[in-house]
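Subject: Structure for you to look through

Dear colleague,

I am passing on the structure below, together with some notes on what turned up in it. Please read them with the structure open beside you.

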Amino acid sequence: TVFFISHDINIIYTQVDHVLCLNRKLFCSGAPWEVLTENHLKRLYGSDIRYYEHRHTGYRHHEHQHRV
């Protein structure tokens with residue numbers, strides 16, 4: 001088991017299979033593409049965020065970066 005702590009959503013999407021979101025307690029847990037939804041991110045970081053979702057079909061890990 002490796003614990004990796006980051007606020008960089010791009011890295012999380014490309015490097016991990018399971019994520020725990022903590023905000024003084026467990027907020028959400030699961031695969032990044034399942035739990036890092038627009039609603040969860042707004043609740044974690046505040047409603048003043050910009051959210052961009054870029055989807056691929058057939059590949060989970062890929063070369064380019066996502067922007068949030």
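**The two cysteines and the core**

Beyond its neighbours within four places in sequence, Cys-28 is in contact with Val-19, Leu-20, Cys-21, Val-35 and His-40. Please keep in mind throughout that this is a predicted model.

With Cys-21 among those contacts, you may ask how many disulfides a search of the whole structure finds. The search finds zero, because the sulfur of Cys-21 is 3.4 Å from the closest cysteine sulfur, in Cys-28, which is too far for a bond, a disulfide being a pair of cysteine sulfur atoms within 2.5 Å. Cys-21 is buried, with a relative accessible area of 8%, and Cys-28 is buried as well, its relative accessible area being 9%.

Both cysteines belong to the largest nonpolar core, which has 10 residues and also takes in Ile-9, Ile-12, Tyr-13, Val-16, Val-19, Val-35, Leu-36 and Leu-41. Two or more residues of this core come from each of α1 and β1 (19–22), and α1 gives the most, with three residues. As a general matter, nonpolar side chains tend to be buried together in soluble globular proteins.

**A nonpolar patch on the surface**

There is also nonpolar surface to point out, since Phe-3, Leu-20, Leu-22 and Leu-26 make a patch of about 500 Å². Within this patch, Phe-3 lies in the segment before α1 (9–15), and Phe-3 is exposed, with a relative accessible area of 70%.

With best wishes

Technical notes:
Residues are numbered from 1 along each chain as its sequence is written. This is a predicted model: local features need pLDDT of at least 70, side-chain atom pairs count only at pLDDT 80 or more; totals for chains, interfaces and linings use all residues. Side-chain values use heavy atoms; hydrogens and water are left out. Patches are made of residues with over 30% relative accessible area and no salt bridge: like charges are joined within 9 Å, nonpolar side chains (Val, Leu, Ile, Met, Phe, Trp, Tyr) within 5 Å. Accessible areas come from the Shrake-Rupley method with a 1.4 Å probe; for residues, only the protein chains shown count as cover. A salt bridge is a side-chain nitrogen of Lys or Arg within 4 Å of a carboxyl oxygen of Asp or Glu. Helices (H or I, at least four residues) and strands (E, at least two) are DSSP runs, numbered from the N terminus. Buried means under 20% relative accessible area, exposed over 50%, partly exposed in between (1.4 Å probe, protein chains only). A nonpolar core is a set of buried Ala, Val, Leu, Ile, Met, Phe, Trp, Tyr and Cys residues joined through side-chain atoms within 4.5 Å. Contact means heavy atoms within 4.5 Å.
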